[in-house]
Amino acid sequence: MTDYGHDLLFGSFITPANAAPHHVVALAQASEAAGLDLVTFQDHPYQPAFLDTWTLLSYVAARTERVHLAGNVLNLPLRQPAVLARAVASLDLLSGGRVELGLGAGASGTRSSRWAGTG
C-alpha cells in the first residue's frame, strides 16, 4: 500500500520513562519482533522523568537489528544544529542506516527557551 508515492510504514511511540529504562528498551525490542518498521521516542530534554533521547536512541540501535529509530520529534531550539547533524549522521552510519530525523519547534516555547537559557 502506498501513500503519496511512499510505502506506508507502521511504528511505535514509546515514552522514554527513566523509572524503568530496561522496560523502555524491551518495548523497542518487542516493536521490532512484532514487525513494526519504526520505533520513536519523544524528545523533552527538560523533563527530568525521561531518559535523554540521543543516549536512548544509541542504546536501542545497539540492541536491535532491523527497526528504524527516531526522536519524535527532536526539539530543535534546544539542540545546536551542527552538533545534531553530526550526531544524526554518526548514529545513522553506526546503525546501518536506521535513523530517521524529525525536527520540531518545541511543544512549549516558554518552557523550552527558559531551559535553554534564551528566555
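## Helices α1 and α2

In this predicted model, helix α1 (residues 21-33) packs against helix α2 (residues 53-63), their axes coming within 10 Å and crossing at roughly 50 degrees. Angles under 35 degrees count as roughly parallel and those from 65 to 115 as roughly perpendicular; α1 and α2 are therefore oblique to each other. The crossing in which α1 passes α2 is right-handed.

On the α1 side, the contact is made by His22, Val24, Val25, Ala28 and Gln29, and on the α2 side by Leu56, Tyr59, Val60 and Arg63. Sorted by class, the residues of this contact comprise 6 nonpolar, 2 polar and 1 charged.

## Helices α2 and α3

Helix α2 also packs with helix α3 (residues 81-94), at an angle of about 10 degrees and with the axes 11 Å apart. That angle makes α2 roughly parallel to α3, since angles under 35 degrees are classed in this way.

From α2, the residues in contact are Trp54, Leu57, Ser58 and Ala61; from α3, they are Leu84, Ala87, Val88 and Leu91. This contact of α2 with α3 has 7 nonpolar residues, 1 polar residue and no charged residue.

## The parallel sheet

The model contains an open sheet of 4 strands, arranged in the order β3-β4-β5-β7 with parallel pairing. Its edges are formed by β3 (11-14) and β7 (99-100), each of which pairs on one side only. In general, strands of a sheet pair through backbone hydrogen bonds, in either a parallel or an antiparallel manner.

The pairings can be followed across the sheet. Strand β3 is joined to β4 (residues 38-41) in the parallel sense over 4 bridges, and Phe13 has Thr40 of β4 as its bridge partner. Between β4 and β5, which run parallel, there are 4 bridges; here Phe41 stands opposite Gly71 in β5. The parallel pairing of β5 with β7 involves 2 bridges, and Leu69 faces Val99 of β7 across this pair, the two residues standing opposite each other.

## How helix α2 meets the sheet

Helix α2 lies across three strands of the sheet, namely β4, β5 (68-71) and β7. Relative to β5, α2 runs at about 175 degrees. Angles over 145 degrees count as roughly antiparallel, so the direction of α2 is roughly antiparallel to that of β5.

Together, β4, α2 and β5 make a β-α-β unit, and this unit is right-handed. Helix α2 thus belongs to the β-α-β unit, lies across strands of the sheet, and packs with α3 as well as making contact with α1.

Conventions
Residues are numbered from 1 along each chain as its sequence is written. This is a predicted model: local features need pLDDT of at least 70, side-chain atom pairs count only at pLDDT 80 or more; totals for chains, interfaces and linings use all residues. Side-chain values use heavy atoms; hydrogens and water are left out. Two strands pair if DSSP finds at least two bridges between them. Contact means heavy atoms within 4.5 Å. Axes are lines fitted to C-alpha atoms, for helices over the stretch in contact, and angles run from 0 to 180 degrees between N-to-C directions. A crossover is right-handed if, with the strands pointing away from the viewer, the path from the first strand over the helix to the second runs clockwise. A crossing is left-handed if the near helix is turned anticlockwise from the far one by less than a right angle, and right-handed if clockwise. Ala, Val, Leu, Ile, Met, Phe, Trp, Tyr, Cys and Pro count as nonpolar, Asp, Glu, Lys and Arg as charged, and the others, Gly among them, as polar.
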